[in-house]
Amino acid sequence: MTEVASNQPVVDANSGPGHLLDLGAFVGELTVEDDLPSDDISLEGLEQELQDCKTDDVVATILSKGTKLRDYTKDVENNLRQIELDSIEDYIKESDNLVSLHDQIHDCDTILSQMENILSGFQAEIGSISSDIKILQEKSMDMGLKLKNRKAAESKLAKFVEDIIVPPRMIDIVVDGEVSEEYMRTLEILSKKLKFVHVDAMLKTSKALNDVQPELEKLRQKAVSKVFDFMVQKLNALRKPKTNVQILQQSILLKYKYVIQFLKEHGKDVHVDVRAAYIDTMNKVLSTKIRAYIQALEKLQLDIATSNDLIGVDTRSTSLFLRGREPLKNRSAVFALGERINILKEIDESALIPHIAEASSKRHPYEVLFRSLHKLLMDTAASEYLFCDEFFGEQSMFYEIFAGPFSVIEEHLNTILPNCFDAIGLMLMIRIIYQYRLIMSRKRIPCLDSYLDKVNISLWPRFKMVFDMHLNSLRNANVRTLWEDDVHPHYVMRRYAEFTASLIQLNVDYGDGQLELNLERLRMAVDDLLVKLAKLFQKPKLQTVFLINNCDMTIAVLKEAGPEGSKIQMHFEELLKSNTSIYVEELLMEHFSDLIKFVKIRASEDPSSGSSERPISVSEVEPIIKDFGSRWKAAIELMHNDVITSFSNFLCGMEILRAALTQLLLYYTRLSDCMKRIAGGSSLNKDLVSISSIMYEIRKYSRTF
């Protein structure tokens with residue numbers, strides 16, 4: 001195509017729009033030769049290509065129209081030629097723009113060439129600057145190393161100068177200043193300088209030490225002297241009467257606790273003197289205060305029991321003059337716990353204030369005073385223990401301080417306990433000590449452990465001794481002296497029941513096995529005494545009534561102690577049950593003896609068997625039936641009256657009456673069954689009392705119950 005175009009005249013691209021290039025004339029008409037030699041055509045792969053063309057839409061369309069392939073090929077070639085000519089024409093139309101683009105590219109090449117020259121110059125200059133920077137960097141690193149070394153030397157020298165120099169201000173404060181918070185801060189600085197002088201080995205080679213060390217020693221001596229005078233002044237303030245020691249300790253002394261540390265480090269001899277002076281001062285102060293408190297409490301004491309206030313001692317044997325000193329209501333507290341147990345609920349209440357309590361003219365059992373004394377001791381000891389730990393930095397000196405107060409309290413207890421015969425009060429004191437040990441343990445303050453153990457050890461033997469006195473009073477009791485011709489509960493049994501219930505109640509949540517064993521011994525002793533007292537009644541029935549009344553009363557009192565008393569309570573319930581059965585039989589025998597004897601001996605025999613030597617006859621049964629029918633209601637009424645007058649507890653009496661009537665019904669039912677088996681027994685049916693009538697009477701008395 002190029003060759004054809006080169007033979008044609010060149011058309012000026014800038015010719016007007018009327019002179020368009022005729023591409024058809026320029027290029028000529030494309031021709032395709034129809035016949036080509038068959039030798040140049042290769043049919044290899046033709047079959048495969050035909051298979052691929054089956055699915056071609058264009059080929060399918062051509063074949064469907066019946067167009068010849070050669071004609072279709074010519075059309076395609078003509079179309080491609082026309083498209084090529086159109087493209088060339090478009091390029092010719094844009095020839096002006098292409099020329100302009102060429103000029104612009106040339107100008108850009110010129111500018112880029114100039115920039116290349118400039119950047120080459122910059123590169124050369126940067127190379128020279130880089131070498132200069134490297135030199136400066138090396139110099140900077142060298143200067144930095146020198147600066148670091150100089151700073152390290154300066155810091156060490158500055159610290160040395162600061163630690164060894166004695167500022168005039170510090171001298172003025174130590175020598176002329178009063179002990180205050182500023183003085184404490186100055187002492188801390190002085191302490192650091194003294195430690196620096198003695199600890200730093202390199203300082204011994206310094207000439208500055210020879211100038212400074214004498215001045216530091218003078219300041220140390222002056223500071224120790226002034227601090228000692230200050231502590232002596234404060235200790236003297238503790239000795240003044242009506243001084244609140246704890247407030248003085250917390251608000252004043254603790255602010256100056258560094259004084260003690262300074263003395264411990266730089267004035268050991270003076271520290272020992274101050275420590276000894278504090279121990280002596282607090283020992284005397286606390287001993288005096290506790291002794292005065294004990295003396296004030298003794299005026300509030302209410303004596304509950306004497307050596308004669310024992311379970312098995314006859315109340316009529318003691319002197320009326322001794323009894324007249326105390327109100328009757330206080331005598332009941334000897335054996336009954338009552339409201340005294342409230343002391344354990346108020347265990348952490350504030351201690352009694354003697355002058356306020358004395359103004360109310362109210363006296364208290366000793367356990368109340370005991371709790372107040374040990375509450376005061378516990379609070380004081382805890383405060384002092386923590387103060388010693390914080391102020392002096394040691395806890396062991398607490399025991400030296402409290403040697404005196406402990407001695408005062410022990411002396412007081414050694415006076416009180418030998419004259420204490422109040423077993424309930426002693427057990428309350430044992431429980432108070434136990435509770436205070438728990439409180440101190442929760443606070444994690446062990447300072448009173450050994451003291452509380454010692455008090456506990458002194459209380460238990462005394463309680464055991466008083467308990468054994470009660471036990472021996474039962475074992476050695478004079479039955480003739482104690483006996484009263486009265487089937488109602490005996491006062492000894494009431495004492496026993498109240499005393500046992502009190503100790504059981506005080507053993508709740510403690511589970512003291514030794515106390516339970518002692519209570520069992522006491523129960524065995526009172527059982528023996530109760531049987532002996534019952535035997536003094538002439539009639540067996542009265543003996544049984546006496547036992548029932550006392551067992552019932554004891555059970556009622558023990559129930560108030562709660563489920564902890566179930567073992568002893570069960571014993572008395574069994575005793576009550578057995579005696580109730582005995583009494584029911586005795587009561588029925590008193591009113592229906594013939595009926596009962598017949599039922600027990602003859603009613604079980606079978607008349608038809610012929611085994612009996614003497615068969616039951618109508619004549620034998622008839623008197624019994626007629627006697628029962630004539631007076632059974634009156635007999636039941638007599639039984640009711642007898643029960644009402646015999647038993648103190650109405651409910652218990654009605655329960656016994658119901659048991660007796662039920663047993664009577666069983667006996668009569670057996671008699672009725674026996675009659676049915678006797679020959680001719682039907683003749684007595686008219687005299688029989690119906691079972692429903694008896695049941696009606698039983699229900700009538702049950703309604704009363």
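**Aromatic cluster**

I started with the rings in this predicted model. Ring pairs join Y385, F398, Y399, F402, F406 and Y451 into one cluster. I then ran the search over the whole structure, and 22 aromatic pairs came up. I noted two of them in detail.

For a ring pair I write down two things, the distance of the centres and the angle of the planes. Y278 and F392 have ring centres 5.0 Å apart and planes at 45°, so I logged the pair as tilted. Y278 sits in helix α12 and F392 in helix α17, so this pair ties together parts that lie 114 residues apart in sequence. Buried or exposed, I asked of Y278? Y278 is buried, at a relative accessible area of 1%. F392 is buried too, with 1% for its own relative accessible area.

Next came F398 and Y399, both members of the cluster I began with. Their ring centres are 5.3 Å apart and the planes stand at 85°, so this one goes down as edge-to-face. F398 counts as buried because its relative accessibility is 0%, and the cut-off for buried is under 20%. Y399 has a relative accessible area of 37%, so I put it down as partly exposed.

**Salt bridges**

How many salt bridges does the structure hold? I got 25. I looked up three pairs and one network.

E182 and R169 form a salt bridge, with the closest N and O atoms 2.9 Å apart. E182 is in helix α8 (residues 181–199) and R169 in helix α7 (residues 168–176), and the two are 13 residues apart. On accessibility, E182 is partly exposed at 33% relative accessible area. R169 reaches 53%, and since exposed means over 50%, R169 counts as exposed.

E394 and R275 were next, and their side chains meet in a salt bridge at 3.0 Å, N to O. Where do the two residues sit? E394 is in the loop between α17 (366–392) and α18 (397–401), while R275 belongs to helix α12 (residues 268–298), so the pair ties together parts 119 residues apart in sequence. I checked burial for this pair as well: E394 is buried, and R275 is buried. R275 is in helix α12, and I had already met that helix as the home of Y278.

The third pair is E590 with K541, whose side chains meet in a salt bridge at 2.9 Å, N to O. Here E590 comes from helix α26 (residues 566–601) and K541 from helix α25 (residues 540–559), distant parts of the chain 49 residues apart. E590 is partly exposed, with a relative accessible area of 49%. K541 is buried, at 17%.

Last in this section, I noted a network of salt bridges that links R239, D280 and K284.

**Q569**

While on helix α26 I looked at Q569, which is found there. Its relative accessible area is 12%, so Q569 is buried. Which residues is Q569 in contact with, leaving aside its neighbours within four places in sequence? I found I555, L558 and K559.

**Helices α20 and α23**

I moved on to the packing of helix α20 (residues 423–443) with helix α23 (residues 491–506). The angle is about 0°, and the axes are 10 Å apart. That makes α20 roughly parallel to α23. On the α20 side the contact is made by A423, I424, M427, L428 and R431, and on the α23 side by F499, S502, L503 and L506. By type, I counted seven nonpolar residues in this contact, one polar and one charged.

**Positive phi**

Most residues other than glycine have a negative phi. I therefore noted two residues that go the other way.

K242 has a positive phi near 60°, and K242 is not a glycine. It lies in the loop between α9 (208–239) and α10 (245–251). At 87% relative accessible area, K242 is exposed.

D509 is no glycine either, yet its phi is positive, about 75°. Which loop holds D509? D509 is in the one between α23 and α24 (513–535). D509 counts as exposed, with 73% relative accessibility.

Key
Residues numbered from 1 in each chain as written. Predicted model: local features only at pLDDT ≥ 70, side-chain atom pairs only at ≥ 80, totals over all residues. Heavy atoms only, no water. Axes fitted to C-alpha atoms, helices over the stretch in contact; angles between N-to-C directions. Helix = DSSP H or I, 4+ residues; strand = E, 2+ residues; numbered from the N terminus. Parallel < 35°, antiparallel > 145°, perpendicular 65-115°, else oblique. Contact = heavy atoms within 4.5 Å. Nonpolar A, V, L, I, M, F, W, Y, C, P; charged D, E, K, R; others polar. Salt bridge = Lys/Arg side-chain N within 4 Å of Asp/Glu carboxyl O. Buried < 20%, exposed > 50% of the residue type's maximum accessible area, 1.4 Å probe, protein only. Phe/Tyr/Trp six-rings, centres within 6.5 Å; stacked < 30°, edge-to-face > 60°.
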